[in-house]
Amino acid sequence: MAQRRLLTDQDFQEAMDRQVAVRVFQNDHILDSGGIIIRFTDTSIVTQSGVSDVTYHQRNACEFFEMKKR
């Protein structure tokens, strides 16, 4: 599985539009994996991996990667 790092608003918008799974890291630890981006702002990224499983991540404290299947 290849990963593409998401950095810009355009990157986040494309990932959200295509509803691709993302992986979120903070300090080299996985915080979230497999959720999709449902909203983003200048300061936060909101992911959802289930009906009631919504997570807020600080944009400047985390790294975001799109998970692509080969």
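A residue counts as buried when its relative accessible area is under 20%, as exposed when that area is over 50%, and as partly exposed in between. This report applies these terms to a predicted model. E63, for instance, has a relative accessibility of 27%, and therefore counts as partly exposed.

**Salt bridges**

A salt bridge is counted here when a side-chain nitrogen of Lys or Arg lies within 4 Å of a carboxyl oxygen of Asp or Glu. By this rule the structure has 6 salt bridges. Among them are the three pairs in the table.

| Acidic residue | Basic residue | Distance between the closest N and O atoms |
|---|---|---|
| E14 | R4 | 3.8 Å |
| E66 | R4 | 3.0 Å |
| E63 | R5 | 3.2 Å |

The pair of E14 and R4 has its closest N and O atoms 3.8 Å apart. Because E14 belongs to helix α1 (residues 9-18) and R4 to strand β1 (residues 2-6), this salt bridge ties together parts that are 10 residues apart in sequence. Both partners are partly exposed: E14 has a relative accessible area of 32%, and R4 has a relative accessibility of 24%.

R4 also forms a salt bridge with E66, with the closest N and O atoms 3.0 Å apart. Here the partner is E66 in strand β6 (residues 63-68), while R4 lies in strand β1, so the pair links parts that are 62 residues apart in sequence. With a relative accessible area of 0%, E66 is buried.

Strand β6 and strand β1 are also tied together by E63 and R5, because E63 lies in the former and R5 in the latter; these parts are 58 residues apart in sequence. R5 has a relative accessibility of 39% and therefore counts as partly exposed. Salt bridges with shared partners join R4, D11, E14, R18 and E66 into one network.

**A nonpolar surface patch**

Which residues form a nonpolar patch on the surface? The patch consists of I38, V54 and Y56, which together have about 290 Å² of accessible area. One of these residues, I38, is located in strand β3 (residues 29-40). Patches are made of residues with over 30% relative accessible area and no salt bridge. I38 has a relative accessible area of 37%, and so it is partly exposed.

Notes: Residues are numbered from 1 along each chain as its sequence is written. This is a predicted model: local features need pLDDT of at least 70, side-chain atom pairs count only at pLDDT 80 or more; totals for chains, interfaces and linings use all residues. Side-chain values use heavy atoms; hydrogens and water are left out. Patches are made of residues with over 30% relative accessible area and no salt bridge: like charges are joined within 9 Å, nonpolar side chains (Val, Leu, Ile, Met, Phe, Trp, Tyr) within 5 Å. Accessible areas come from the Shrake-Rupley method with a 1.4 Å probe; for residues, only the protein chains shown count as cover. Helices (H or I, at least four residues) and strands (E, at least two) are DSSP runs, numbered from the N terminus. Buried means under 20% relative accessible area, exposed over 50%, partly exposed in between (1.4 Å probe, protein chains only).
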